[in-house]
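Q: Please take a close look at a single part of this model, and then place that part in the context of the whole chain. A connected account is preferred to a list.

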Amino acid sequence: MKAASNMRKTKKEEKNVFEVLACTNTALRRAARRLGNLYDDALAPLGLKATQISLLAEIERLAAANDGKAPSLQDLANKLSIQISAMTHALKPLMRDGLVELQPDADDRRTKRGVLTSAGAARLEQALVYWAKANQRVEEVLGPEHAALLRTLADQVASDEFLAEYEQG
């Protein structure tokens with residue numbers, strides 16, 4: 001009986017330690033879900049999720065940065081910090097709806113490039129209006145300084161430099 005009592009105490013103590021520890025991952029995921037839901041709600045009239053708009057915007061941004069050459073799926077996955085399988089899964093509804101096309105690379109036919117269609121570019125332009133309203137409201141609620149700090153910290157954590165420093169320790 002005494003051993004069982006000591007074992008329960010140990011598990012209880014472990015639980016208390018876990019409750020006291022500040023978990024950055026949990027806090028960030030919870031905040032990301034909340035913000036994601038707010039942006040999803042704002043974009044609902046267009047039938048798109050915030051993650052889909054981010055993907056369309058990243059395709060456009062990477063193409064613009066590369067003299068109009070569409071980004072490879074691997075480039076997109078790397079930029080968004082997701083696996084290639086998740087990237088292809090995320091592209092399927094956008095391809096189905098005619099917003100994105102996959103085209104083989106001119107030099108390496110095994111490499112696929114994500115290209116915005118004219119419908120995709122038009123939908124992205126519409127979405128930016130809805131997104132801007134949601135983003136402005138988040139800025140108002142958080143305050144400009146806190147919103148800027150949140151973006152700066154999120155960008156830092158998402159950076160290759162952060163990953164390299166984390167992995168060194």
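A: Leaving aside residues up to four places away in sequence, Pro104 touches Arg109, Thr111 and Lys112. The model in which these contacts were computed is a predicted one. Pro104 belongs to strand S1, which comprises residues 100–104. Because its relative accessibility is 35%, Pro104 counts as partly exposed; the bounds of that class are 20% and 50%. Ser72 stands 32 residues away from Pro104 along the chain, yet 9.0 Å separates the C-alpha atoms of the two.

The wider fold gives this strand its setting. The protein contains eight helices and two strands, and from the N terminus the order of elements is α-α-α-α-α-β-β-α-α-α. Of its 169 residues, 23% count as buried. When contacts between residues at least 6 apart in sequence are considered, 46% of them join residues at least 24 apart.

The other strand leads to helix H6. Strand S2 (112–116) is one of the elements against which the buried residues of H6 pack, together with H2 and H3. Those buried residues are Gly120, Leu124, Ala127, Ala134 and Val138. H6 has 25 residues, which should span 36 Å at 1.5 Å a residue; the distance of 35 Å between its end C-alpha atoms agrees with this. Just after H6, Gly143 adopts a positive phi of about 90°.

Helix H2 can be described in a similar way. Its 20 residues reach 28 Å from the first C-alpha to the last, close to the expected 28 Å at 1.5 Å a residue. Tyr39, Asp40 and Leu43 are the buried residues of H2. They lie on the same side of H2, because the arc that they cover around the axis is only 100°. H3 and H6 are among the elements that cover these buried residues. On the face of H2 turned away from the buried side are the exposed residues Arg30, Arg33, Arg34 and Asp41.

H2 also figures in the largest pocket, which holds about 2,400 Å³ of space. The lining consists of 50 residues, and those nearest the pocket centre are Ala32, Ser54, Ala154, Asp155 and Ala158. H2 contributes the most to this lining, with 12 residues. Helices H2 (24–43), H3 (50–65), H4 (73–80), H5 (84–96), H6 (118–142), H7 (144–158) and H8 (160–168) each provide at least two lining residues. By chemical class, the lining divides into 27 nonpolar, 11 polar and 12 charged residues.

Two loops complete the picture, and both concern backbone angles. Most residues other than glycine have a negative phi. Asp67, in the loop between H3 and H4, has a positive phi near 50° although it is not a glycine. Asp67 counts as exposed because its relative accessibility is 80%. Ser81, likewise not a glycine, has a positive phi of about 55° and is located in the loop between H4 and H5. With a relative accessible area of 54%, Ser81 is exposed.

Definitions and conventions
Residues numbered from 1 in each chain as written. Predicted model: local features only at pLDDT ≥ 70, side-chain atom pairs only at ≥ 80, totals over all residues. Heavy atoms only, no water. 1 Å grid on protein atoms, 1.4 Å probe; cavity = no way out; pocket = protein on both sides within 12 Å on 5 of 7 lines; lining within 4 Å. Points joined across faces, edges and corners; volume = space filled by probe spheres on them. Helix = DSSP H or I, 4+ residues; strand = E, 2+ residues; numbered from the N terminus. Nonpolar A, V, L, I, M, F, W, Y, C, P; charged D, E, K, R; others polar. Expected span 1.5 Å × (residues − 1). Buried < 20%, exposed > 50% of the residue type's maximum accessible area, 1.4 Å probe, protein only. Arc of directions from axis to C-beta. Contact = heavy atoms within 4.5 Å.
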